[in-house]
Each structure stands twice: as C-alpha cells, then as structure tokens.
Amino acid sequence: MPNPSSHHTLIPPEQINQDDASRISRRDFGRHAAVAAALALSPGMVLGSPPSSPQESKAKPETPDSGLTGLTAEQSQEVEARLTNIIRKYGNRLSIAQRDHLRRILAYNEKMLVSIRAFPLQNGDPPASVLKVSFLEQTAASEMTEMHAAAHGEVSRRR
Amino acid sequence: MKSRGVVESEEWGLDLLPEETLFLSVRELGDRIRARQLSPVELTESYLARSSELGPKLNAYACLTGELALRQANAAEKEIAAGHYRGPLHSVPYAVKDLVAVQGYPTTWGARPYATQKFDFSAAVIERLNRAGAVLIGKAAMIELAGGLGYSTGAASLTGGCKNPWNTDYWTCGSSSGSGAIVAAGLAPWALGSDTRGSILCPSAWCGISGMRPSFGRVSRFGAMAIAWTMDKLGPMARTAEDCGLVLSVLAGHDARDLDSLPPGVAEFAYPAANRAAAKSLRIGRLTNVWREMDPGLDFAVNGALKVLEKEGARISDVEIPDGPYEEAAELTILIEAASAFRDLIASGRCAELADPVGQINGYASEEFSATDYLQLQRVRSFLQRQIDKLFDNFDVLATAGQSSAAAPLNAPPDEDSAGPIERRAPDGISSLCGLPAITVPCGFHKDKLPFGVQFVGRALNDHAVINAARLFQNYTDWHRQRPPIH
C-alpha cells in the first residue's frame, strides 16, 4: 500500500527499555523459554491472516523437533546458514529460545519454497509483479482528476 | 429533525434511538434519513453512546472520533434539510480500521511501536467517504500490523483481544477484529476492514455479518498501512450484501497515488448494476476440496444455503480446485513483501515491542529470502492465476464456507497451523493470491450459538457476481437479521 514513510511517528528510541529490547534477564529467559515451549509447534503463523481454529490445532500430534524433519540435508544446511546469518546480524537481540523458534520458522519457510522452486517454468513466463507502463496513463489520469477538481472548485493536494 | 421511538440515556443525558433502529442496514437508514424520518445527529449520538458503553467491553475500538462525528452529522443534517442529498452514505455513521490514516487522529496500526503515530492527511478512502457525507464515529481495533509480521493469538493487539459479541469468551478473528465486533454489536451499521489474506472474511464469518473483499485494485490503499503491496485490499463489513455494494460504490475508483489502482473506467463500481443478473442465470460451483477439516454443522449450513439458491433458480454443481502451491505462494508473497514494508521496524529492533512472540522475530527470518525466490514465486503466481480464472468459464461464483469453523475461544492456545501440513487450497489464500472478489454472509449457527458464514468467490473484476449471489440468498433468509445477546 502506498504510504509516505516520512509521516511515521515512532515512539522515540530513548523511550525503549533496553532491558526489554535486547538483554535477557533470568526472569525473561524463563518467560521466553515457556513461550518457546508453548510455541514448539508454531514456527510462524500465516501472515496477515487469521489463525486456524484451536479444534484443528488440537488434532495435530505434538512432536517437539527443530522443524527440520522432512527436509533434505541440503535444505537443512540452507536453514542453518540462514539462521547463522540472522544471528550474525541480530544475535544480540535474540534469546536462546528465540533462536530455536527462528530455526523452526526458517524450516517451515524452506518447506514452502520447495514446491515453488520445483514448479516448471519457461524463460518467457513473466512474474505477477511487473513494471506497468500505465504509470504514464495514471499520471495523465491524475492530471485530468486535478483539472476536474479545479473545475469544481475542489482543493487538490500532492503528497 | 426529530426521530420517533427514542429512549433516554442516563449516561449521555440524551434521547437515544431504540436498539432495533441501530441494527438497521445502511440502505434502510439511508432511506429514513432521506425521507427525513431519522435525524442524522440523533443517529450519530445514539451510535456514539452505544459505542462508549459497549465498545470497551468488547475491546472493539482504538478510539472514538466523537467530535468529528458530531460535526459531520450536524453538517449533513443541515444539508439534507436544505434538500441536498449526496447519496446512500450521506450522514450514515461508520468506523474505520485503525490502519487507515485519518487526519488529526492517532493511527496506531494496532501496534505499540506506532502507538502515538499521527498523519497530517487522510487516506484516499476517507477522502471519498467525506465527499459522500459519511460520518466517522471511531477507529476500529485490529491485530497488530494487521498480522503483517505474524501472530499466534487474538491477544496480539495494542488494545487487547477483541471479544465476539455473540459470546465474549470467544474471539472475533482478525485482523479486522474491531470492525467485525462493531458491526455485529450494533455500534455502527458498517465498518471498513482490510484483507491481505482473509482479514475481512474471517471476522465477518465469525461475527455473523456480511463482509466483502473487492477485486484487487478497485479501492485505493493510499494512506493505509501496507503489508504486502501485491495482496492488500480494503473493503466493507456490513449487515447485508446490498450494503457492501452500496459502500463499495463509494469506495471504488481510480487513484493515481496507488500504483496498483485499476485504470479509470475499470476501477469504478456502480451499484446496483444496470443489468442485474436474474437468479436463473446464476451458475454456482460448490468447492469440494478446499478445507482439510470442516465443522459438520457448518457443512450442513452451507449446503442448506446453496439449496435456498437452487430453489430460486441457481444452478449448483460440484467443482474442485486444481492442485497447485496456492497457499505457499500466498504466504511467501506476504512474508517477503512484509519484510520490506516493515524494514525500518525490523532493523531498529523495535519489533521486540510487538505483543506476539511470533511478530517479535518473524521479520528476521523473512529478510533471508532471496530476490530470485521472490521472482520465481511471482512467476508461479501468474500461472496459478490463469488456472483459477479458467474455473470461471463455467461458473459465476464459487461457494464454500466463510471459514472452516465457528469462532474460537479467546484464550485458545497459540496457533499451531504452520506445524501441520500446508493447507494448499484454503480459499482465502487462493482468492487473495489471485486478487479475486469474495463475500461472506451469515448462514446459520453452531450449536453454541456462534455464527456460521457462507462464502462466494468471483472472477477478478466481477464484484457484482458475488454481491448478487449473497444478496439473492439474503432475500430469502433472515440470518443477517439476527442480533447477538449483548446489552
């Protein structure tokens, strides 16, 4: 969605409690561990979508693994490489439990990628997101809209 | 104007309209306002009073915009009294999901890092609604970042878990949680929601209201929070399918500020359509392979709904979604685009302030996808889009349940969806991935008195088809007239 980022008003960084944001106290560690245990089977919910019903969830077997089950050795290596890269960049922000949780998220993402990567495509098959030359048409339409607004005494602002 | 049948509110010291009036549809309210049987100011005051009383019990609002609402209602009342009637939304109150910018009011995106965020302009949809003379009474609560960085429970919101008006121990679903609760509880006749992958349809189904996701590109998203540019949509949540059509006719239209906006002449949506299809010509494909599991009572309710339509002349036949990685493509697209949309939040580490443990870290994982993988999945997406489009050569709409179950308890354990097998053909994923219009309307109740919904999905740009199917069903049923036991 188009949204001018210059208008964002985040809470000032100085208001962030650094203990909460980066350091892990013993109490926090215990809390994260408990959360991680609870989320052992929830490597990362579908984004922008509702969770499935708990009735469905309860039907699934509880198998506390790293999420790598079902991946080939090569795919598991890719997961570990990605986790290593995350820890290199953001390791000081992540608890042990969160790193384990991230491994499960990465493993799930890898499983989704398998079918996408294996999908047969030809060189000429284009992506759904392509540059549209209709930008010029849109500009023209925008100008027409402004002319229309001006003709009707409306105020038009560019943002 | 003075309305008939008013009751007194001790808290507000006002004469308030009776509850049955507040549960009227947009069409019915508009007709009474136009005929000057209903005062816009009294109507607004009544919704505000009810929202003040019941909104906090449901965690339904991020904030009320009472001052603005009364100013707009007073202006509308004067205009209408002077004979200037702008259209079906003139002076009709509504709420807007708190990811849409409204000048002068906080726009929190439901998330702590943006709790004090304000924009110095209003979103395109607000501009359109202002021109239509609609009255904004509040900003609806939502799941943080509309689930943009993931979430695992209904509690993942700056305003707390949103409670279902049908039973406050149950959740509304998300991410348009507040919009669903507000309409279901009679706090406003309609509310604006957003839908990237099911966030209008699920709350509408679980709250027992009519909710529509328009075709991709029909409604401008300028000034609304982005999750995934190629999948985000804004749409109406209301009492009836007809109301969804009326609201969409105001919201729809080209906007050059949204690069995915449909071109002029295509984006607009006239309602009702000039050539309304007769029931006899309606071809409905009953989807038989989209849910891994479904509540048996819901299956019965959906089949009952289709029988109603069949009796009225519609032709029903079973159809299967062809195999393909729809869900994978939808979810990966959202993951990757959200990592870009929320890049600043992820880089700053302030995602740690999100309420949900998934949202706190998920962005780090999403940054690891490659550009090649993203383009590969967008190429696969084009193929899947064509594959689904072919289904509509034989059907006007595809039908299935709004969701696979009734509402879940608010205190349910964290979602474990991603641990199981991928539900490749979930209809929300397919239709969102392909930008298709869809609507869900109430069609019955679970044994625990929680609503069920039936969903209709149409070909891209054929928004009329889904509204017509749902409207036809509502012409012969009264599930949409049921009210939750909340006072």
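Axes here are lines fitted to C-alpha atoms, for helices over the stretch in contact, and angles run from 0 to 180 degrees between N-to-C directions. With that convention in hand, the reader may turn to the structure, which is a predicted model.

Chain A may be described briefly. Its secondary structure consists of 6 helices and 0 strands, and from the N terminus on the elements run α-α-α-α-α-α. Of the 159 residues in chain A, 29% are buried. Among the contacts in this chain between residues at least 6 apart in sequence, 71% join residues at least 24 apart.

The remainder of this account concerns chain B, beginning with its sheet. Chain B contains an open sheet of 11 strands in the order β3-β5-β4-β8-β10-β9-β14-β15-β13-β11-β12, and the pairing is mixed. At the edges stand β3 (61-64) and β12 (315-319) of chain B; each has a single partner strand, so one side of each is left without a neighbour in the sheet. From one strand to the next, the twist averages 30 degrees.

Several pairings within this sheet can be followed strand by strand. Strand β8 (residues 190-195) and strand β10 (residues 233-238) of chain B pair in the antiparallel sense, over 6 bridges. Within this pair, B:L192 has B:P236 of β10(B) as its bridge partner. Helix α8 of chain B packs on the sheet, where it touches β8, β9 (210-213), β10 and β14 (438-445) of chain B. The direction of α8(B) makes about 140 degrees with that of β10(B).

Further along the sheet, β9(B) and β14(B) are joined in the antiparallel sense over 3 bridges. Here B:R213 stands opposite B:A438 in β14(B). On the pairing of β14(B) with strand β15 (residues 451-458) of chain B, 7 bridges are found, and these strands also run antiparallel. B:A438 appears again in this pairing, with B:V457 of β15(B) as its bridge partner. The hairpin of β14(B) and β15(B) has 5 residues between the strands, and in it B:K449 takes a positive phi near 65 degrees. Of the 8 residues of β14(B), 7 are buried, so this strand is largely enclosed by the rest of the structure.

Helix α8(B), already met on the sheet, deserves a fuller description. It spans residues 241-251, and 11 of its 11 residues are buried, so the helix is largely enclosed by the rest of the structure. Among these buried residues are B:E242 and B:D243, together with B:L246, B:V247 and B:L248. Just after α8(B), B:G253 takes a positive phi of about 150 degrees.

How, then, is α8(B) placed against helix α15 (residues 463-475) of chain B? The two helices pack at an angle of about 150 degrees, with their axes 8 Å apart. Angles over 145 degrees count as roughly antiparallel, and α8(B) and α15(B) are therefore roughly antiparallel to each other. On the α8(B) side, the residues B:A241, B:E242, B:C244, B:G245 and B:L248 take part, meeting B:D463, B:I467, B:A470, B:R471 and B:Q474 in α15(B). By class, this contact has 5 nonpolar, 2 polar and 3 charged residues.

A second enclosed helix of chain B is α6 (residues 177-184). Its buried residues number 8 of 8, so α6(B) too is largely enclosed by the rest of the structure. They include B:S179, B:I182 and B:V183. The helix is followed by B:G186, whose phi is positive, near 70 degrees.

These residues of α6(B) lead to the nonpolar core. Leaving out residues up to four places away in sequence, B:A191 touches B:S179, B:I182 and B:V183, as well as B:Y94, B:A95, B:V96, B:A140 and B:M237. The largest nonpolar core has 181 residues, of which B:A191 and B:A469 touch the most other members. Helix α10 (residues 326-341) of chain B contributes the largest share of this core, 10 residues.

The final stop is B:L29, which lies in helix α2 (residues 26-34) of chain B. Is B:L29 buried or exposed? With 24 other C-beta atoms within 10 Å, B:L29 is buried, because a residue counts as buried when 20 or more such atoms lie within that distance. Apart from neighbours within four places in sequence, B:L29 is in contact with B:L24, B:L38, B:L43, B:V92 and B:P189. The C-alpha atoms of B:L29 and B:L89 are separated by 9.0 Å, although these residues are 60 apart along the chain.

Definitions and conventions:
Residues numbered from 1 in each chain as written. Chains lettered and ligands numbered in written order. Predicted model: local features only at pLDDT ≥ 70, side-chain atom pairs only at ≥ 80, totals over all residues. Buried ≥ 20, exposed ≤ 12 C-beta atoms within 10 Å, placed from the backbone. Helix = DSSP H or I, 4+ residues; strand = E, 2+ residues; numbered from the N terminus. Pairing = 2+ DSSP bridges. Contact = placed C-beta atoms within 7 Å. Parallel < 35°, antiparallel > 145°, perpendicular 65-115°, else oblique. Nonpolar A, V, L, I, M, F, W, Y, C, P; charged D, E, K, R; others polar. Core = buried A, V, L, I, M, F, W, Y, C linked by C-beta atoms within 7 Å.
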